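Please look at the sequence and the structure shown here. The explanation below is intended for a reader who has not met this structure before.

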Amino acid sequence: MAKTIVVKQIGSPIRRPDIQRRTLIGLGLNKMHKTRELEDTPAIRGMVSKIPHLVEIIEERG
């Protein structure tokens, strides 16, 4: 079973650079307090580290 992480959007992309908004969409997030369970890969971790003020890791499973 692959390791996964649960990511929650905690910030709004309003008045943020477009690249940050597109990173949120790439993670599957588009509304406040929405959560997604994603595979724990270096690509996903990199996306989360680019926007730490907009998302938080709720849980690590695996």
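The following paragraphs treat the sheet, then the helices, and finally a loop residue.

The model is a predicted one. A suitable place to begin is its sheet, which is open and consists of three strands in the order β2-β1-β3, with antiparallel pairing. In this arrangement β2 (residues 35-39) and β3 are the edge strands; each has a single partner strand, so one side of each remains without a neighbour in the sheet. From one strand to the next, the twist averages 30°. In general, strands of a sheet pair through backbone hydrogen bonds, and the pairing is either parallel or antiparallel.

The two pairings can be considered in turn. Strand β1, which comprises residues 4-9, is joined to β3 in the antiparallel sense over six bridges. Within this pairing, Val6 lies opposite Glu59 of β3. Between β1 and β2, which also run antiparallel, there are five bridges. Here Lys8 has Thr35 of β2 as its bridge partner.

How many of the six residues of β1 are buried? Five of them are, and β1 is therefore largely enclosed by the rest of the structure. A residue is counted as buried when its relative accessible area is under 20%.

The helices come next. Helix α2 packs on the sheet, where it touches β1, β2 and β3, and its direction makes an angle of about 150° with that of β3.

Helix α1 spans residues 18-26, and Gln20, Thr23 and Leu24 are buried in it. These residues cover an arc of only 100° around the axis, which means that they lie on the same side of α1. The elements that cover the buried residues of α1 include β1, α2 and β3. On the face of α1 turned away from this buried side are the exposed residues Ile19, Arg22, Ile25 and Gly26. Just after α1, Gly28 adopts a positive phi of about 85°.

One loop residue remains to be described. Pro52 is located in the loop between α2 (residues 42-50) and β3 (residues 55-61). Is Pro52 buried or exposed? Residues over 50% relative accessible area are classed as exposed, and Pro52 counts as exposed because its relative accessibility is 52%. Along the chain, Pro52 and Gln9 are 43 residues apart, while their C-alpha atoms are separated by 9.6 Å.

How values were computed
Residues numbered from 1 in each chain as written. Predicted model: local features only at pLDDT ≥ 70, side-chain atom pairs only at ≥ 80, totals over all residues. Heavy atoms only, no water. Helix = DSSP H or I, 4+ residues; strand = E, 2+ residues; numbered from the N terminus. Buried < 20%, exposed > 50% of the residue type's maximum accessible area, 1.4 Å probe, protein only. Pairing = 2+ DSSP bridges. Axes fitted to C-alpha atoms, helices over the stretch in contact; angles between N-to-C directions. Contact = heavy atoms within 4.5 Å. Arc of directions from axis to C-beta.
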